[in-house]
Amino acid sequence: MSADVDNPFFARLWTAMSGHETEEMRRLRGDNLAGLAGRVLEVGAGTGTNFAHYPPSVTEVVAIEPERRLAARAREAAANAPVPVTVTMDSVEHLSPAEPFDAVVCSLVLCSVDDPDAVLRQLFSMLRPGGELRYLEHIAGTGARASLQKIADATVWPRMLGNCHTHRHTETAITTAGFRVEDARRERMFPSWVPLPVSELALGRAVRPA
């Protein structure tokens, strides 16, 4: 992820969308963060919609958001978070923590980075052995959905939605980076008949082996 991203159209769009999330999406965010403890790195914090869902067992969140308008919104959300949150515009590659993190959180972000394999390898290196990766991500579909995703990814979707690529085999990339997926399920943001490429999400917990 590069630092200091300037994408005013997407920032306005995402701010509007995140301000009107469904109850189902808020539930999924809560499920993704349930049971976390210690120091957490959140990648691609957006407007800070995750912050309210962190449990009190989390002692610190370092939240990366490279888009400056979204980072400003995230800092506002951090001020009201139930746990200490620091928002930074540093990239994953340039963040040098004093000690490894206990967990990393990725929510709707691995679809938008240029090189998810490299990012996941970097995140793996920043976790302590036994640390967790919690993810809530768009995933590649099958059949007609896959065809729709490939068309969307090759045309306007990434340009409009902050470089979002919907047809990515994210869980394969997670395991290739060295993580062990211990719990995972599929959820739908919209009914299966809705003709959108981002209908299905993967929600899971992966571990850096000790």
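The exercises below, each with a worked solution, concern helix faces, nonpolar cores, a pocket and backbone angles.

This is a predicted model, in which local features need pLDDT of at least 70 and side-chain atom pairs count only at pLDDT 80 or more, whereas totals for chains, interfaces and linings use all residues. Residues are numbered from 1 along each chain as its sequence is written, and side-chain values use heavy atoms, with hydrogens and water left out.

**Exercise 1.** Determine which residues of helix H1 are buried, and where they lie around its axis.

Solution. Helices (H or I, at least four residues) and strands (E, at least two) are DSSP runs, numbered from the N terminus. Buried means under 20% relative accessible area, exposed over 50%, and partly exposed in between, with a 1.4 Å probe and protein chains only. In H1, which spans residues 8-18, the buried residues are Phe 10, Ala 11, Trp 14 and Ser 18. Seen down the axis, these buried residues fall within an arc of 100°, so they line one face of H1; the arc is that of the directions from the helix axis to the C-beta atoms. An α-helix has 3.6 residues a turn, so residues three or four places apart point the same way. The final step is to find the partners: the buried residues of H1 pack against helix H2 (23-33), helix H3 (68-79) and helix H6 (157-160), where contact means heavy atoms within 4.5 Å.

**Exercise 2.** Describe the largest nonpolar core and the part that H4 plays in supplying its residues.

Solution. A nonpolar core is a set of buried Ala, Val, Leu, Ile, Met, Phe, Trp, Tyr and Cys residues joined through side-chain atoms within 4.5 Å. The largest has 27 residues, and those with the most contacts inside it are Leu 41, Leu 133 and Phe 179. The elements that each supply at least two residues of this core include strand E1 (38-43), helix H4 (116-126) and strand E5 (127-138), and the largest share, 5 residues, comes from H4. Turning to H4 itself, Pro 116, Val 119, Leu 120, Leu 123, Phe 124 and Met 126 are buried. They cover an arc of only 165° around the axis, which puts them on the same side of H4. The buried residues of H4 pack against E1, E4, E5 and H7. Leaving aside neighbours within four places in sequence, Leu 41 is in contact with residues including Val 62, Phe 101, Leu 123 and Met 126.

**Exercise 3.** Characterise the largest pocket by its volume and its lining.

Solution. On a 1 Å grid over the protein atoms alone, a pocket is an open set of points where a 1.4 Å probe fits, with protein on both sides within 12 Å along at least five of seven lines, and lining residues have an atom within 4 Å of a point. The volume of the largest pocket is about 1000 Å³. Of its 44 lining residues, the closest to the centre are Phe 10, Trp 14, Leu 108, Ser 112 and Leu 161. H1 gives the most to this lining, with 4 residues. By class, the lining has 21 nonpolar, 14 polar and 9 charged residues.

**Exercise 4.** Compare the settings of Leu 108 and Asn 163, each with a positive phi although not a glycine.

Solution. Leu 108 has a phi of about 55° and lies in the loop between E4 and H4, where it is buried, with a relative accessible area of 14%. Asn 163 has a phi of about 75° and is placed in the loop between H6 and H7; at 24% relative accessibility, Asn 163 counts as partly exposed.

Note on methods: Grid points are joined across faces, edges and corners, and a volume is the space filled by probe spheres set on the points. Ala, Val, Leu, Ile, Met, Phe, Trp, Tyr, Cys and Pro count as nonpolar, Asp, Glu, Lys and Arg as charged, and the others, Gly among them, as polar.
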